[in-house]
Amino acid sequence: PREFVVGISFLAFVVSRIVAGGITFSENDDAWRFVMTFPICRIFTQVKRTRHLLFTLFQVIPSFLAVFAVLLCVFYIFGIIGTSLFVGKFESDPTGVPVANFETLSRSLVTLFQLTVGEAWHEVMYSTIRVTSWAASGIHCYLCTTISLLSLN
């Protein structure tokens, strides 16, 4: 019966797409696609292993809320520091303004998240060095060290 619900949901989705004119999506179908995933999400409660994993995850998350709060505070502090130190400097970059920059606080927070994840952190550091000086590499190293220590602990 549980697999039957998922199968019927998928079948209803396919039929609705065919009636609507094909299995292509337009920009207006995003909300409809989101609603159509609800029955499929029942798999999280119907499969025993997945249900145990999900319940365990919900029990563990509250114990990490303090760590997440500290990480958010560190991100915010480094975002303010990056914005105050590097605002307006990336306009003079000979390669153009990079996507990861410190021009606004919101852009700084996204850039800091990119540095934390490790995605092209060296490009961000070198573009910052290009528009300022080698002293900027110290800030990047300090940030990466601080975030890594907080994440690992």
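**Notebook: helix packing and one aromatic pair**

Entry 1, confidence. I began with the scores of this predicted model. The protein has an average pLDDT of 78, and 83% of the residues score at least 70. I then looked up where confidence is lowest and where it is highest. The low end is helix H2 (residues 30-36), with a mean of 67. The high end is helix H5 (residues 65-86), at 88.

Entry 2, H5 and H6. I started with H5 and its contact with helix H6 (residues 105-117). Their axes come within 9 Å and cross at roughly 120 degrees. I noted the crossing of H5 and H6 as right-handed. Which residues meet here? From H5 I listed Phe75, Tyr76, Phe78, Gly79, Ile80, Gly82 and Thr83. They meet Leu105, Ser108, Leu109, Leu112, Phe113 and Thr116 in H6. Sorted by class, the contact of H5 with H6 has 8 nonpolar and 5 polar residues, and no charged ones.

Entry 3, H6 and H8. I followed H6 on to helix H8, which spans residues 135-152. The axes of H6 and H8 come within 9 Å, and the crossing angle is roughly 65 degrees. H6 is therefore roughly perpendicular to H8. H6 passes H8 in a right-handed crossing. On the H6 side I wrote down Leu112, Leu115 and Thr116; on the H8 side, His140, Leu143, Cys144 and Ile147. The class count for the contact of H6 with H8 is 5 nonpolar, 2 polar and no charged residues. Leu112 and Thr116 are also in my list for the contact with H5.

Entry 4, H7 and H8. Next I took helix H7 (residues 121-131) against H8. Their axes come within 8 Å and cross at roughly 150 degrees. I therefore put H7 and H8 down as roughly antiparallel to each other. The crossing of H7 and H8 is right-handed. Val124, Met125, Thr128 and Ile129 in H7 meet Ala136, Ser137 and His140 in H8. By class I have 4 nonpolar, 3 polar and no charged residues for the contact of H7 with H8. His140 also appears in the contact of H8 with H6.

Entry 5, aromatic pairs. How many aromatic pairs does a search of the whole structure find? The search finds 3. I looked up one of them, Phe78 with Tyr142. The ring centres are 5.9 Å apart and the planes are at 50 degrees, so I recorded the pair as tilted. The pair links distant parts of the chain, with Phe78 in H5 and Tyr142 in H8, 64 residues apart. Phe78 is also one of the H5 residues that meet H6.

Methods
Residues are numbered from 1 along each chain as its sequence is written. This is a predicted model: local features need pLDDT of at least 70, side-chain atom pairs count only at pLDDT 80 or more; totals for chains, interfaces and linings use all residues. Side-chain values use heavy atoms; hydrogens and water are left out. Axes are lines fitted to C-alpha atoms, for helices over the stretch in contact, and angles run from 0 to 180 degrees between N-to-C directions. Angles under 35 degrees count as roughly parallel, over 145 as roughly antiparallel, 65 to 115 as roughly perpendicular and the rest as oblique. A crossing is left-handed if the near helix is turned anticlockwise from the far one by less than a right angle, and right-handed if clockwise. Contact means heavy atoms within 4.5 Å. Ala, Val, Leu, Ile, Met, Phe, Trp, Tyr, Cys and Pro count as nonpolar, Asp, Glu, Lys and Arg as charged, and the others, Gly among them, as polar. pLDDT is the predictor's confidence in each residue, from 0 to 100. Rings of Phe, Tyr and Trp (its six-membered ring) pair if their centres lie within 6.5 Å; planes under 30 degrees apart count as stacked, over 60 as edge-to-face and the rest as tilted.
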